[in-house]
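Here are some remarks for a colleague who is starting to read this structure. Please keep the sequence and the 3D view open while going through the numbered points.

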Amino acid sequence: MTIIDVIEHKKNKKKLTEEEINFMITGMLDGSILDYQISSLLMAIVLNGMDEEETFYLTKAMLNSGDKIDLSKINGIKVDKHSTGGVGDKVTLVLGPLLASLGPKMAKMSGRGLGHTGGTIDKLEAIDGFKVELSQDDFIKEVNDIGLAIISQTGNIVPADKKLYALRDVTGTVDSIPLIASSIMSKKLASGADMIFIDVKVGNGALMKDIDSARSLAKMMINIGRRFDKTVICLLTNMNEPLGNAVGNALEVQEAIETLKGYGPADLIELVINMAALVLNKTEDMPLEDAKTLCLKKLQSGDAYHKFEEMVTYQKGDLTNLKISKRIFSVKSAKEGYINHIDTFGLGEIARLIGAGRLAKTDVIDPSVGFTLTHKIGDYVKVNDELIKIYLNEKDMKIETILNCFDIGMEKVDKEPLIYEIIS
Ligand code: URA
């Protein structure tokens, strides 16, 4: 077999065999297949697709390309959560401590982000001293002691994804459902949890722009999970505006803390409560409405925040000195009317350009910058009402670029739901 045969097969819309997929992954990692050959195959996959069986073989080959985490020394149900990525998504920072205060454990390995704002690890690193690198033994001990740990990926987990993702990123081959499904599922399966919750973001700030493609991605991941004997539950959630009000690493930590204390923004609370309730429903058979009431109580009582503090202390962080830039500008509306549309991707790009995110792996994030939305979709604003507060440091941003992200009109457009569907 040669890689040219494999590329020709996919180019001619043939189904790839397990041997062909293994050949591709092995050759990519040992260097016998060159980057431009893999890129060509990736483009053929983007254009001609892969069915569920091919995607399963690709996931398996990627999963087997590196280390797998053994969580068997952690007692009880271990839950993992993943988001396909959105603007202002700080759900893990709230959901992890909330679950730990309820019983289910979260032993989570997260990534640093490429894109608008940092990943969960970048957000945690906005906390002074917070250690994201722990040995396997310390990671397991922390989860057994307090029910929660969030660390950066250790060891050699799914090296095939690292290589493939880097190529996809620069060859216009990210937006393919089988490639996204295998990338996410190989990492989740390697992380060793019993139950996997995936927040599939849908909208103009997300990878999936419409519900139909989000649903296809969700179904593919659930079916792959089934083939590996893992329960996967997907939520399809709205990313036509940022989640919560804060975007930027330290600002998002601050908003997560407010939410953990019970007074965060309504959409973030709604999403976290629904996710945590779903976990209780699936792991403990608790009726959903009872579970939601209990989750809300755990936020309002301070129990969930207490778990967050325990995690920060355990990982040597200091919450007394969260650095948020003091160079703050208020951007005011030039129009009167209802906010009917927010260019969420555009706002994410603004966050990245002022230093909250990175384009290249080597870019350094500024945790102190970002913005907070004063108004969101459906709100009525007058001329000169504040739309957004922007926290700058070294980099500047034009006011018109920010204003262009908001469509304001006299006719009110119906607000879409936050959670479109739950699929399991
Ligand atoms: N997130 C991932 O981990 N992989 C993808 O391919 C897309 C989003």
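Which element gives the most to the shell around the ligand, and with how many residues? Please bear in mind throughout that this is a predicted model.

1. The answer to the opening question is α9, which gives four residues to the shell around the ligand. The residues found around the ligand are H82, Y165, R168, I180, S183, I184, K187 and L207, and by class this shell divides into four nonpolar, two polar and two charged residues.

2. Polar side-chain atoms of three of these residues can be followed to particular kinds of ligand atom. For R168, a polar side-chain atom lies 2.9 Å from an oxygen atom of the ligand, and for K187 a polar side-chain atom lies 2.5 Å from a ligand oxygen atom. In S183, by contrast, the partner is a nitrogen atom of the ligand, which lies 2.6 Å from a polar side-chain atom of that residue. On its own the ligand has 240 Å² of accessible area, and the protein covers 90% of this. The elements that supply two or more residues to the shell are α8 and α9.

3. A separate item to look at is the cavity, since a search of the whole structure finds one cavity of 30 Å³ or more. The space in this largest cavity is about 30 Å³, and its lining is made up of M62, D161, L164, Y165, R168, L179, S182 and S183. Both α8 (159-171) and α9 (177-190) supply at least two residues each to that lining, but the largest share, four residues, comes from α8. Sorted by class, the lining of the largest cavity holds four nonpolar, two polar and two charged residues.

4. Where does the second largest pocket lie with respect to domain 2 and domain 3? It lies between them, because domain 2 (78-320) and domain 3 (324-409) both give residues to its lining. The volume of the second largest pocket is about 420 Å³, and of the 21 residues that line it, N238, E241, I377, K415 and E416 lie nearest its centre. Two or more residues of this lining come from each of α12 (266-284) and β8 (337-342), with α12 giving the most, namely three residues.

5. As a last point on the second largest pocket, its lining can be sorted by class into eight nonpolar, six polar and seven charged residues.

Technical notes:
Residues are numbered from 1 along each chain as its sequence is written. This is a predicted model: local features need pLDDT of at least 70, side-chain atom pairs count only at pLDDT 80 or more; totals for chains, interfaces and linings use all residues. Side-chain values use heavy atoms; hydrogens and water are left out. On a 1 Å grid over the protein atoms alone, a cavity is a set of points where a 1.4 Å probe fits but cannot get out, and a pocket is an open set with protein on both sides within 12 Å along at least five of seven lines; lining residues have an atom within 4 Å of a point. Grid points are joined across faces, edges and corners, and a volume is the space filled by probe spheres set on the points. Ala, Val, Leu, Ile, Met, Phe, Trp, Tyr, Cys and Pro count as nonpolar, Asp, Glu, Lys and Arg as charged, and the others, Gly among them, as polar. A residue is near a molecule or strand if one of its heavy atoms lies within 4 Å of it. A polar contact is a pair of N or O atoms within 3.5 Å; within protein, one must be able to donate a hydrogen and the other to accept it, and residues adjacent in sequence count only if both atoms are side-chain atoms. Accessible areas come from the Shrake-Rupley method with a 1.4 Å probe; for residues, only the protein chains shown count as cover. Domain bounds come from an automatic or database domain assignment.
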